[in-house]
Amino acid sequence: MSKSIMVGTTLAVLGLGGLAFGAWQVQQQERGPEYAEIVGVEALTRSVETPREVCEEVVVQVAPQAAPSQGGSRDPHRVVGTAAGAIVGGLLGNQVGGGSGKKLATVAGAVGGGLAGREVQERVEARQHAQAAQSQAPQTTTRQECHTVVETHQEPDGYEVTWRYGEVMQTSRLDRAPQGDRVPLEEGQPNWAAAIPAEG
């Protein structure tokens, strides 16, 4: 085979290849860029827990301090009051009258004074018992009580975008929501930065 035939054949092959490539480019230009349709955008959130301390004033009962046990009266028969009253009454009665009348007045004064002294002692002890019982009643006061509560709130956590190209449906997770209803494809993958805004 001559050299000129080989050169001619090579040029013919290269020419056909160039024609084919040119035809492919023309076809691509006619088709234009490809787009995927954005069919859904869902905002994602995550739960964030924040603890904080809460304090409030609470009314509480305080047990009274134990008083010394008084038990019953140390003088249940009121002997001290009766004796003291009798002495005072006898002295007063002794000041009245003279002779046998003076003796009768002294005896009567002692008896009356004894009864009066017994009554006085009984009233004094009753008042003391009432005061002791009142001091034993529970007292109320307020105090501050604190506890920790946990508050939960939702924070944005990106977006799940569903897109479709032809019959194929896929999802992508993005930090920001795309602007528009379609997105150009580059090598089969969406170019999210170039999402086209929706018309209208």
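I count two strands as paired if DSSP finds at least two bridges between them. The model I am reading is predicted.

**Strand pairing**

I started with strand β1, residues 35-62. I find that three bridges join β1 to β4, residues 182-186, and that the two strands run antiparallel. For one pair, I looked up Tyr 35 and found Pro 184 as its bridge partner in β4.

I then turned to β2, residues 139-165. Here I find 24 bridges between β1 and β2, again in an antiparallel arrangement. I looked up Val 60 in β1 and noted Thr 141 as its bridge partner in β2.

**Nonpolar core**

Which residues make up the largest nonpolar core? I list nine: Ala 36, Ile 38, Val 161, Trp 163, Leu 174, Val 183, Leu 185, Trp 192 and Ala 195. I note that β1, β2 and β4 are the elements that give two or more residues to this core.

I checked the contacts of one core member, Ala 195, leaving aside neighbours within four places in sequence. I find Ala 195 in contact with Pro 178, Gln 179, Arg 182, Val 183 and Pro 184. Of these partners, I had already listed Val 183 in the core and Pro 184 as the bridge partner of Tyr 35.

**Glu 187**

Where does Glu 187 lie? I place it in the loop between β4 and β5, the latter being 189-190. Is Glu 187 buried or exposed? I enter Glu 187 as exposed because its relative accessibility is 86%, and the cut-off for exposed is over 50%.

I also looked up the backbone and found phi of Glu 187 near 55°, a positive value in a residue other than glycine. Most residues other than glycine have a negative phi.

Definitions and conventions. Residues numbered from 1 in each chain as written. Predicted model: local features only at pLDDT ≥ 70, side-chain atom pairs only at ≥ 80, totals over all residues. Heavy atoms only, no water. Helix = DSSP H or I, 4+ residues; strand = E, 2+ residues; numbered from the N terminus. Core = buried A, V, L, I, M, F, W, Y, C linked by side-chain atoms within 4.5 Å. Buried < 20%, exposed > 50% of the residue type's maximum accessible area, 1.4 Å probe, protein only. Contact = heavy atoms within 4.5 Å.
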